[in-house]
Amino acid sequence: PGAEREAIVLIATTEPERYSVRSVAARHVRHIGEAGMDISNTATPFVFLAEKARYGAVRGKTSGPAVARGIAARVSDALEATGSRAMVSLAWTHEPDSLAQTVARHAAEGIGRIAVVPLGFEDSDEVEHAKAILDRAHPRQHGVHVAFGPPVWHDTTLAERLASRVLACTRNAEPSATGVVLVGEGVPPEWERRHNAARCDETYFNQRVRLLLGEHGIDDRAIRIGWLDWQMPDVTEAVRHVGALGKTRIIVAPSMIALPTLAATVDLGHAVELARLPREVEVVTLLPWGDDEAFASAVARSAMRALERLNGPIRL
């Protein structure tokens, strides 16, 4: 490989564009074997039916992969503006060997330095699997050097950007009448214990957003955190709690959800509806980060820091 050539791989945590039995089966096996879930053979068919129904709710095609490609394009533009000629590509968590395959493809193109940035949490079961497969390929033995960038959620501009997005939805409403629910996707309890770094990042990020919102007059008691799955309180309970405080406008904001997964697209709306708030309460639901300019810039900065780590003398 040409050691001076560089590439950036973004790991997209999202479902396949179309319903895939193979993808659902792989996730189901991980949930049973690694997340400690007890799912009977009788219940297993309903796991597949439920996933197929969610795809039906979005007309058979989820937008996550297309949005990930949009982020990659924005990151490429941001890097080009700095004079970088690094190629930007994507790997997918629903294909565990996708990261290794992408790195191998870049190596075949003569690229010797590769930065990897997850569009989400690096400390997660999906990325851990992808790393393990990549490690078994021993890229360093082939002259390919790979480095992960710092977590994008450590970039302070993202908390500021999310706070500004929330505050933009409070216009024509008194701060005292406004509540906020910061939404996370949630992970099974076993994975929550195993991936403690991700939970710490989540706590720090949400607390930073709460502080910024409080500085603009939103009651801290009315800023709650809710999860779409696995963890408590769930989104429905969090929205009900804010409504019970007498807030008449509630902003529901995915805080650290980068891509529009089926959970963020389908389940979030259902969770809000189940809260059954009074008619006078208005709920505004924000989209996940997607190709937001601030998010793409944070990803680009993370990638550049990883490349800077690789730009020292290479020793095989």
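## A crossing of two helices

A crossing counts as left-handed if the near helix is turned anticlockwise from the far one by less than a right angle, and as right-handed if it is turned clockwise. With that in mind, take a look at helices H6 and H8 in this predicted model: their crossing is right-handed. H6 covers residues 156–168, while H8 runs over residues 196–215. The two pack at an angle of about 50°, and their axes lie 9 Å apart. That angle makes H6 oblique to H8.

Which residues of H6 and H8 meet? On the H6 side they are Leu158, Ala159, Glu160, Leu162, Ala163, Val166 and Leu167. Facing them from H8 are Phe205, Arg208, Val209, Leu212 and Leu213.

## Arg199, elsewhere in H8

Helix H8 also holds Arg199, and it is worth a stop on your tour. Is Arg199 buried or exposed? Its relative accessibility is 13%, so Arg199 counts as buried, the cut-off for that class being under 20%.

The side chain of Arg199 is joined to that of Glu202 by a polar contact of 3.3 Å. Once neighbours within four places in sequence are set aside, Arg199 is in contact with Phe121, Val187 and Glu192.

## Two nonpolar cores

Now to the interior. The largest nonpolar core has 53 residues, and within it Leu10 and Phe295 touch the most other members. Helix H11, spanning residues 293–310, gives the most to this core, contributing 9 residues. There is also a second, separate core of 18 residues, with Val183, Ile257, Ala263 and Ala271 among them.

Leu10 deserves a closer look. Not counting residues up to four places away in sequence, Leu10 touches Ile71, Ala72 and Val75, the run Val88, Ser89, Leu90 and Ala91, and also Val117, Leu119 and Val299.

## The loop between S6 and H9

Strand S6 (223–227) and helix H9 (235–244) are linked by a loop that contains Pro233. What is the form of the peptide bond from Met232 to Pro233? That bond is cis, with omega near 0°. Most peptide bonds are trans, and most residues other than glycine have a negative phi.

Trp230 is found in this loop between S6 and H9 too. Although Trp230 is not a glycine, its phi is positive, at about 70°. Trp230 has a relative accessible area of 34% and is therefore partly exposed.

## His138, another positive phi

A further backbone feature awaits in the loop between helix H5 (125–136) and strand S4 (145–148), where His138 lies. His138 is not a glycine, yet it has a positive phi of about 50°. How accessible is His138? At 41% relative accessibility, His138 counts as partly exposed.

## Leu274 in helix H10

The last stop is helix H10, residues 262–274, which includes Leu274. A relative accessible area of 45% makes Leu274 partly exposed, since that class runs between 20% and 50%.

Where does Leu274 make contacts beyond its neighbours within four places in sequence? Its partners there are Thr236 and Arg240. Leu274 can also be paired with Val235: these residues are 39 apart along the chain, and their C-alpha atoms are separated by 9.3 Å.

How values were computed
Residues are numbered from 1 along each chain as its sequence is written. This is a predicted model: local features need pLDDT of at least 70, side-chain atom pairs count only at pLDDT 80 or more; totals for chains, interfaces and linings use all residues. Side-chain values use heavy atoms; hydrogens and water are left out. Helices (H or I, at least four residues) and strands (E, at least two) are DSSP runs, numbered from the N terminus. Buried means under 20% relative accessible area, exposed over 50%, partly exposed in between (1.4 Å probe, protein chains only). A polar contact is a pair of N or O atoms within 3.5 Å; within protein, one must be able to donate a hydrogen and the other to accept it, and residues adjacent in sequence count only if both atoms are side-chain atoms. Contact means heavy atoms within 4.5 Å. A nonpolar core is a set of buried Ala, Val, Leu, Ile, Met, Phe, Trp, Tyr and Cys residues joined through side-chain atoms within 4.5 Å. Axes are lines fitted to C-alpha atoms, for helices over the stretch in contact, and angles run from 0 to 180 degrees between N-to-C directions. Angles under 35 degrees count as roughly parallel, over 145 as roughly antiparallel, 65 to 115 as roughly perpendicular and the rest as oblique.
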